[in-house]
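Visitor: I would like to go through this protein one element at a time. Please show it to me before we start.

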Amino acid sequence: MHAKNILAEFLHLLGTFNVWDFIPWLEWVNKITGLDIKVEKVAKKLDTFLESVIEEHIIRHNKEEYSTGEGKDFVDVLLEIQNGKETGFRLQRDSLKAILLDIFAAGSDTAYSTLEWIMAELLRHPRAMETLQNEVRGLAQGKAEITEDDLGNMHHLKTVIKETLRLHPPVGRDPLSWENPKDYRPERFLNSDTDFKGLNFELIPFGAGRRGCPGTAFAVVINELALARLMHNKPVIVASSVEAARDIMKTHDLVCSSRPKSSMADRLFYGSRDVGFSPYGKYWRQLKSIVVLHLLSNKRVQSYRDIREEETSNMIDKIRQECGSSNSVIDLRDHFCFLTCNIISRVALGRKYDEGESEMNAKVTLDELGELFGTFNIGDYIPWLEWVNKLTGLDTKVEKVAKSLDTFLECVIEEHIIRNKKGEYSTGEAKDFVDFLLEIHNGKETGIPLQRDSLKAIILDVFSGGTDTIYTALEWVMTELLRHPRAMEKLQNEVRGLAQGKAEVTEDDLGYMHYLKAVIKESLRLHPPIPLLVPRESIEDIKLLGYQIPAKTGLIINAWSIGRDPLSWENPEEYRPERFLNSNIDVKGLNFELIPFGAGRRGCPGTGFAIVIIELALARIVHKFNLALPEGLKPEDLDMTEGSGITIRRNSSLLAVATQCSSY
Ligand code: HEM
């Protein structure tokens, strides 16, 4: 009997919207959808499981294996109550089974999701992570493992849990009770007695009163212990200063050039056989040079100019058709997303893979891939909790996404093989990236044959690394311009001045557009699309900023907070593109105060490729259109909430009103 599977089905059903609970006359719908049959089947399996648990306990009881009170578990106690031994009040067998189910259903799911939120907030707030690590490691010094006795002294740990429970679920954000309620600030609990035991009504994640959750203490201890062990077991360093970033990515670049193992990357990228997630070594060096040489070198990037200009024109035409003369609202994210997907498809795969083609709906699958990478995978941190992924359905989702990605990639490769056999590509000119990969795969090019799985992993890397990063960057650039109409005006003046008399801005014009480049840098400083870069791992023991760091330590570089560090930037929270006008600071990985693309050996090889797309798209849009926020929305009211994931987009799509500029 697979108890975990049965419980997973049970939890899944609990989460299913059941029509007749809400609209009784629609009860018949459940029959048609098969929900009724499923419920009956799961109920039967659960009953068999619970009966076997109870029977086991009765047999052990009869054998008197539990003679002392110490060895009793909860089922033993329930059995005593059932027999009227304990309270004089008899429990029916069905009530006993229902109570057991309650404990399983409510306990495992909620404790796990709270932990997930805690980790998500800590990863978003590296300073809080660092404070917590220091506390836990300081108190656990010299110990192999943290025990519950240590928890009492871990005050930061408790504040982190409280602050997370205040924000998720979203009760506890009332500005009447909390200062800056949307901010994540565990310190607010340091000198406060506020607790979640149901006495302080501003913090009631477990409810309160007679119906309040009786498992509060239990859930809190599970979370405290798991979190403390997590901080203790997996050494992770978060670099939030320019000096720390430089030390990791320049001084100790070679030793810090591996990636930590990720079960998600293993499953989605064919055993991490791609460039981005493979560990440091000969294989990674070989792959990276293939990608740079055949796809991303300066020469190659220049050769894609026609594709870029054509696709940007297509986007401008589409916006023109959509806005027409009626000033309707357009979804800029959609336009940017199609633009980047099309460019990357054409240069890497030789043609566009449009949404209509059912099996090859690359965009949808890639979105799901991005979402999965943003999911906190508890098994990577606490191996004994890996089974939780089965329970929450994460494993099934990963398998599904991996399978549809594989179908898509196989299809791309087969198409290329067929076209190659027909000799359609006779000259080097018409070859795309997959053609080059196939030549290497056959050992033609370098003599080092590539396995088919490696080939698929590399194509996937280019797609997933290239598309959502570029359109996310473009969306943030536009967001800030819409919030700052003066900067928008200055940019329009520059672009329209330089493009005077031309039907279209071309890439030759971009070199003169200094304000345009400053606008892009300022946006990448405030909104790096991958704020924590891609985690690295040290290969050997090293000394970082004077601290001894053991081999296999996880290294997270917080590009977001480095970009807002007052030690490097004047008025860092202010949007001021002018700061880049008389400055040599660039995003190429030489200036560690601005590292949206990382730096060093593991730095992004797609920087040049991405920047020219962003520059051209931006220049052409502001050349042709006047953009404004939808009517009634003031710049200061634009929602700036960030989403979650490895790439951080705006929480909602950016909507704007585009009017065609009459003179252009
Ligand atoms: C605005 C766009 C982009 C941003 C913000 C971005 C950002 C990043 C970052 C932060 C890293 C990790 C760097 C590190 O560990 O130091 C990275 C790695 C990588 N990026 Fe990009 N990227 C972008 C566009 C692209 C494009 C267009 C491609 C390819 C077509 C690409 C391919 C890669 C690959 C293959 C890696 C892995 C490098 C390695 O591990 O050695 N990226 N990128």
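The questions below take the overall make-up, the ligand shell, the core, the strands and two loop residues in turn.

Visitor: How many helices and strands are there in the protein?
Guide: This is a predicted model, in which local features need pLDDT of at least 70 and side-chain atom pairs count only at pLDDT 80 or more, while totals for chains, interfaces and linings use all residues. Residues are numbered from 1 along each chain as its sequence is written. Helices (H or I, at least four residues) and strands (E, at least two) are DSSP runs, numbered from the N terminus. The protein has 27 helices and eight strands.

Visitor: Which element gives the largest share of the shell around the ligand?
Guide: A residue is near a molecule if its C-beta atom, placed from the backbone, lies within 6 Å of it. There are 27 residues around the ligand, and G465, G466, G598, C604 and G606 come nearest. Two or more residues are given by each of α13 (282–296), α22 (452–483) and α27 (607–624). The largest share, seven residues, comes from α22.

Visitor: Is C604 buried or exposed?
Guide: The UniProt record, an unreviewed entry, places the feature "binding site" at C604; its positions are given in the numbering used here, feature names are shortened, and annotations may be inferred rather than shown by experiment. C604 lies in the loop between α26 (559–562) and α27. A residue is buried if 20 or more other C-beta atoms, placed from the backbone, lie within 10 Å of its own, exposed if 12 or fewer, and partly exposed in between. C604 has 24 C-beta neighbours inside 10 Å, so C604 counts as buried.

Visitor: Which residues is C604 in contact with, leaving aside its neighbours within four places in sequence?
Guide: Two residues are in contact if their C-beta atoms, placed from the backbone, lie within 7 Å. With those neighbours left aside, the contacts of C604 are F597 and G598.

Visitor: Which element gives the most to the largest nonpolar core?
Guide: A nonpolar core is a set of buried Ala, Val, Leu, Ile, Met, Phe, Trp, Tyr and Cys residues joined through C-beta atoms within 7 Å. The largest one has 125 residues, of which I459, L474, V477, I614 and L618 touch the most other members. The element that gives the most to this core, with 16 residues, is α22.

Visitor: What is the strand order in the open sheet of three strands?
Guide: Two strands pair if DSSP finds at least two bridges between them. The edge strands, β1 (236–239) and β3 (536–537), each pair on one side only. Four bridges join β1 to β6 (residues 554–557), and these two run parallel. Pairing in the sheet is mixed, and the order is β1-β6-β3.

Visitor: Which residue in β8 stands opposite N626?
Guide: Strand β7 (residues 625–628) has F625 and L627 on a covered face and N626 and A628 on an uncovered one. Four bridges join β7 to β8 (residues 655–660), and the two run antiparallel. Opposite N626 stands T659.

Visitor: What is the phi of L545, and of K552?
Guide: Most residues other than glycine have a negative phi. L545, in the loop between β4 (542–544) and β5 (547–549), is partly exposed, with 14 other C-beta atoms within 10 Å. K552, in the loop between β5 and β6, is partly exposed with 15. Phi is positive in both: about 50° for L545 and near 65° for K552.
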